[in-house]
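Let us walk through one protein structure, taking its charged pairs and its nonpolar interior in turn. Keep the sequence and the 3D view open beside the text as you read.

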Amino acid sequence: MNRRSIARLPSLLIAAAVLVFSFCHGVSAAEENIVIKSCSAKGKMIALTFDDGPHPKRTAEILDILNEYGIKATFFVIGENVELYPELIEREIAEGHEIGNHTENHKSLLKADKEELEKEIRTLSGTLEEKFGYKTKLIRPPGGQYNENLPPYAAENGYKVILWSVDTRDWAHTPVADIKANVLKNTKDGAIILFHDYVAGKSPTPQALREVIPALLSEGYEFVTVSELIN
């Protein structure tokens, strides 16, 4: 997801979004097991995900909250922010969280040709591996938008493209009460929940987590990383 307004997915992807697979829900039969929105038949397991970070203040605050509850999450990071705040990537890894690729410059992949797409993904994945010894196999395209170049690239290079089934819209400064109501209404077994650790201006995300996490725990949900959910 983006700090800016998000355009709709291409009509072809929207039309295909109703298809469901044996374990994970994707967007088309051709992309089975590559593009994933949620997973079923997993019991009461769900994944919290955070996009656009790391942020110098919010990421640390979110990590503190997750630590309080003993929860592991998945952070889809932007390369340029990784370069600015490497200590937060080190902390995420040290505390057992998962790191995913959200492109080097948060550039839309909707119109990206193969060369542009490869550069956006390979640059960040290379940084994570070279500087932190971390090899990610998860991609989240900015805004959840992509074209026909991404699924085959992901398949050929061993990546999974991770979308989401619950959008908190925290990036739009949605009130905490509305975020909580939305999450509790729409979270189901195998859900992938989209938050952001980088939100321009005052972020509702930390307080929303303090409301949402205990509510979901009381309903018997177990929080896992995306890889734990889909494998």
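Begin with Glu61, which has 29% relative accessibility and therefore counts as partly exposed, since that label covers the range between under 20% for buried and over 50% for exposed. Please bear in mind throughout that this is a predicted model. Glu61 forms a salt bridge with Arg58, and the closest N and O atoms of the pair are 3.1 Å apart. Both residues belong to helix α2, where Glu61 and Arg58 are three residues apart, about one turn of the helix. Arg58, however, has a relative accessible area of 14%, so Arg58 is buried.

Helix α2 also takes part in salt bridges that reach other parts of the chain. The side chains of Arg91 and Asp64 meet in one of these, at 2.5 Å from N to O. This pair links distant parts of the chain, because Arg91 sits in helix α4 (residues 86–94) while Asp64 sits in helix α2, 27 residues apart. Arg91 counts as partly exposed because its relative accessibility is 21%, and Asp64, at 38% relative accessibility, is therefore placed in the partly exposed class as well. Asp64 and Arg91 are joined by Glu95 in a network of salt bridges.

A further pair is made by Glu68 and Arg210, whose side chains meet in a salt bridge of 3.0 Å, N to O. Here too distant parts of the chain are linked, with Glu68 in helix α2 and Arg210 in helix α8, 142 residues apart. Glu68 reaches 51% relative accessibility and so counts as exposed, whereas Arg210, at 35%, counts as partly exposed. Altogether, the count comes to 10 salt bridges.

What, then, is the nearest side chain of opposite charge to Glu120, which is buried yet has no salt bridge? That side chain is Lys107, 5.6 Å away, and a salt bridge would need the nitrogen within 4 Å of a carboxyl oxygen, which is why the pair is not counted as one. Glu120 lies in helix α5 (residues 114–132), and among the residues that Glu120 touches, leaving aside those up to four places away in sequence, are Asn101, Thr103, His106 and Lys107.

Now turn from charged side chains to nonpolar ones. In soluble globular proteins, nonpolar side chains tend to be buried together. The largest nonpolar core of this model has 31 residues, of which Leu48, Phe50, Leu66, Phe75 and Ile193 touch the most other members. Several elements each supply at least two residues of this core, including β4 (45–51), α2 (58–69), β5 (74–77) and α5, and α8 gives the most, with five residues. Phe75 shows how such a residue is surrounded, for its contacts beyond four places in sequence include Phe50, Ile62, Leu63, Leu66 and Ile99. A second, separate core of 29 residues includes Cys24, Leu109, Tyr153 and Ala154.

Finally, return to helix α5, which also holds Phe132. Phe132 counts as buried because its relative accessibility is 17%. Not counting residues up to four places away in sequence, Phe132 touches Val82, Pro86, Ile89, Glu90, Ile93 and Thr127. One of these, Ile93, is 39 residues from Phe132 in sequence, while the two are 8.6 Å apart in space, taken from C-alpha to C-alpha.

Notes. Residues are numbered from 1 along each chain as its sequence is written. This is a predicted model: local features need pLDDT of at least 70, side-chain atom pairs count only at pLDDT 80 or more; totals for chains, interfaces and linings use all residues. Side-chain values use heavy atoms; hydrogens and water are left out. Helices (H or I, at least four residues) and strands (E, at least two) are DSSP runs, numbered from the N terminus. Buried means under 20% relative accessible area, exposed over 50%, partly exposed in between (1.4 Å probe, protein chains only). Lys and Arg count as positive and Asp and Glu as negative; His and the chain ends are not counted. Contact means heavy atoms within 4.5 Å. A nonpolar core is a set of buried Ala, Val, Leu, Ile, Met, Phe, Trp, Tyr and Cys residues joined through side-chain atoms within 4.5 Å.
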